[in-house]
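Me: I am new to this structure and would be grateful for a close look at a single part of it. Please start from one residue and then set that residue in its wider surroundings.

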Amino acid sequence: RVNKCDMVAFSILDQFFKRTLHLAGKIKKQYNLPIVVGGIHAILYPDECTSFADAICIGEGDISFAGLLQNWDKRFEEIKSNFWLKKGKGFLKLPRDRLIQDLDSLPMPDFSYKNYYALLGKDIVYMNNTENRIRIEHHQIGHKNTIVYTCDRGCPNSCAYCYKRNLRKIYGCKGSEYVRVK
């Protein structure tokens, strides 16, 4: 189904970076599609994504990603922030947007699994299949007795082992500007 796409996007958690790198390389080689990355790994370590990505979302992508999709062909003129865009052999490094303060303005995450795919071993599997959903363990995949809801972003603590401490530094936020509640 990848061959029917206009581009492929990944939201990368640190523990899946190598898997994403591998999969993106195969997609680029076989289909030559634009690769867009975002997620916590891309925000904290965008330089690590430059070897395989055509666009790197360096902030919260809820709104800016839709703008990139709508303006892909005119991205160098239309996109003004929140991305690094591959241009020639380098990247146009746009400024980072501020954190989204009004979480109520955002739509609910889509957990319908319509058009969801996942890497299972060496296979890309369709997630709108109960058997495949059972075979894949991931924190964002719904379970029979689970409801997934985003109620806040940020954290009032600053634990040394947590990525949210680094996000706070990147954004230069304090208190309620960083901890936002839906």
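Reply: Aspartate 54 lies in the loop that runs between helix H3 (46-49) and strand S3 (55-57); helices (H or I, at least four residues) and strands (E, at least two) are DSSP runs, numbered from the N terminus. The model is a predicted one, in which local features need pLDDT of at least 70 and side-chain atom pairs count only at pLDDT 80 or more, while totals for chains, interfaces and linings use all residues. Residues are numbered from 1 along each chain as its sequence is written, and side-chain values use heavy atoms, with hydrogens and water left out.

Is aspartate 54 buried or exposed? Aspartate 54 counts as buried because its relative accessibility is 13%, where buried means under 20% relative accessible area, exposed over 50%, and partly exposed in between (1.4 Å probe, protein chains only). Leaving aside neighbours within four places in sequence, aspartate 54 is in contact (heavy atoms within 4.5 Å) with Lys28, Leu33, Pro34, Ile35, Trp72, Trp84, Leu85, Lys86 and Phe91.

One of these partners, Ile35, leads to the largest nonpolar core, where Phe10, Ile27, Ile35, Val37, Cys49, Phe52 and Ile56 touch the most other members among 19 residues. A nonpolar core is a set of buried Ala, Val, Leu, Ile, Met, Phe, Trp, Tyr and Cys residues joined through side-chain atoms within 4.5 Å. Strand S1 (8-11), helix H1 (17-31) and strand S2 (35-38) each supply at least two residues of this core, and H1 gives the most, with 4 residues. Phenylalanine 10 touches Thr20, Leu23, Ala24, Ile27, Ile35, Val36, Val37 and Gly38, not counting residues up to four places away in sequence. Apart from this core lies another, of 10 residues, among them Met7, Cys57, Leu68 and Trp72; Trp72 is also one of the contacts of aspartate 54. In soluble globular proteins, nonpolar side chains tend to be buried together.

For the wider setting, the protein chain has 7 helices and 9 strands. Buried residues make up 37% of its 182 residues. Among contacts between residues at least 6 apart in sequence, 55% join residues at least 24 apart.
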